[in-house]
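Q: Got the model open? Let's go through the ligand, then the core, then one serine.

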Amino acid sequence: MRNEKEIRDLFPLLDIKVNDRPLIYLDNAATTQKSKEVISEIEKFYSLENSNIHRGVHHLSQLSTDNFEKSRITVQNFINAEHNHEIIFTKGTTESINLLASCYREILKKDDEIIISEMEHHSNIVPWQICCQNTGAKLKIIPFDEHGNLDLETFKNLLNTNTKLVAITHISNSLGTINPIEEIIKLSHEKNAKVLIDGAQSAAHVKIDVQNLDADFYCFSAHKLFGPTGVGVLYGKEELLNLLPPYQGGGEMIKEVDFEKTTFAPLPFKFEAGTPNICGVVAFKKAIELIQRIGIDNIKEYEDKLLSYATEKLTKIGGLKIYGQAKLKSAIISFNIEGIHHYDLGLILDKMGIAIRTGHHCTQPVMKKFKIAGTARISFAYYNTFNEIDKCIDAIEKAKKMLL
Ligand SMILES: *Cc1c(COP(=O)(O)O)cnc(C)c1O
């Protein structure tokens, strides 16, 4: 059973006031708040353990190396990767995708094809556009319907033997759609295409098992699952990561440097040039452990209840339209109210201490599809409550009266 006080107490920031009102934080798809355990781990690291990793023989260096590598194993178990060296630490989902796109820039040829979808975050569009511009490869787009479901029939027609990679979001950050990635991966593999899953919106909300999914690459950001900013993960199957050229050159990623020829370090270090966000990676472990302690299925079940409760209440507000009504949805709701600019709504809610997102959510093609400039978006985490939803609905009603 979810103990509301216990979970709320774990996140100190939830207790603050904004504009003299108790904060109601409903912008979790942008970033989640950090747990006490994560915050105290950061303090502990810099107070007692700070040192560079994989370099020194001295006590502190060994200690931070151990802690850094323990986090890698925690991530490995969290997503059920076969090997811990299949976990590459990056600074976030954006860098994970750019890492892969920069590798593909070296190996793609003219006439090769990459498939993405119309609902991707810009960070899963632009790197592939750049990659295609540089290689002459073609970028193909899977459209979605008016409810926010991907058009799998079109996808099947787009797939062919030239398809080298399918890069697709697990959960849409603006529509909330949970995409059928099992099926997408299976169909792609039938044509020998590899698959990257952008899991930025899923890691804190649904179970991820990369072996069961047979995902070739999977990425996510620590800051969207109660962890620190500046830490991300790129998972890749060992044999595929070994085939890819290195990403950045520098310290840590080499075996031997010579002006004639440099050889590269084995996985995962080949992709981890330079000093990483050591403290962030170490503290990230505490965030994952919290999720494991609560149980991701319990999180999903509770957030599903928040989603249906909020959806039902929002639907009753006159003139309110929800964008994204897929059958399988995560706890993200994008909407607009007729005659009201989403930005004005966001400003008034902020005056009442309620944090929501407004704008295009880094998904301009989604907005273009609906012929809108942006939406208001509320997105939940496990620490949100039904009471917060009630207050948010009241605030929206009030804002509506003020603005119309
Ligand atoms: C947030 C997000 C990203 C980008 O993540 P960063 O942490 O900003 O690098 C990519 N894709 C989706 C679906 C996202 O929600």
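**Ligand site and core**

Q: Which residues come nearest the ligand?
A: T94, D198, Q201, S221 and K224 come nearest, out of 13 residues around the ligand. Around means a heavy atom within 4 Å. This is a predicted model: local features need pLDDT of at least 70, side-chain atom pairs count only at pLDDT 80 or more, and totals for chains, interfaces and linings use all residues. Residues are numbered from 1 along each chain as its sequence is written, and side-chain values use heavy atoms, leaving out hydrogens and water.

Q: What is 2.6 Å from the side chain of D198?
A: A nitrogen atom of the ligand, measuring to an N or O atom of D198. For T94, a ligand oxygen is 2.5 Å from a side-chain N or O atom.

Q: How much of the ligand does the protein bury?
A: 87% of the 380 Å² that the ligand exposes alone. Areas are Shrake-Rupley, with a 1.4 Å probe.

Q: New topic. How many residues has the largest nonpolar core?
A: 99 residues; F220, F284, L314 and F335 have the most contacts inside it. Such a core joins buried (under 20% relative accessible area, 1.4 Å probe, protein chains only) Ala, Val, Leu, Ile, Met, Phe, Trp, Tyr and Cys through side-chain atoms within 4.5 Å.

Q: Where does this core lie?
A: Between domain 1 (4-28 + 295-403) and domain 2 (39-292), because both give residues to it. The bounds come from an automatic or database domain assignment.

Q: And S61, buried or exposed?
A: Buried, because its relative accessibility is 1%.

How values were computed:
Buried < 20%, exposed > 50% of the residue type's maximum accessible area, 1.4 Å probe, protein only. Polar contact = N/O pair within 3.5 Å; in protein donor to acceptor, adjacent residues only side chain to side chain.
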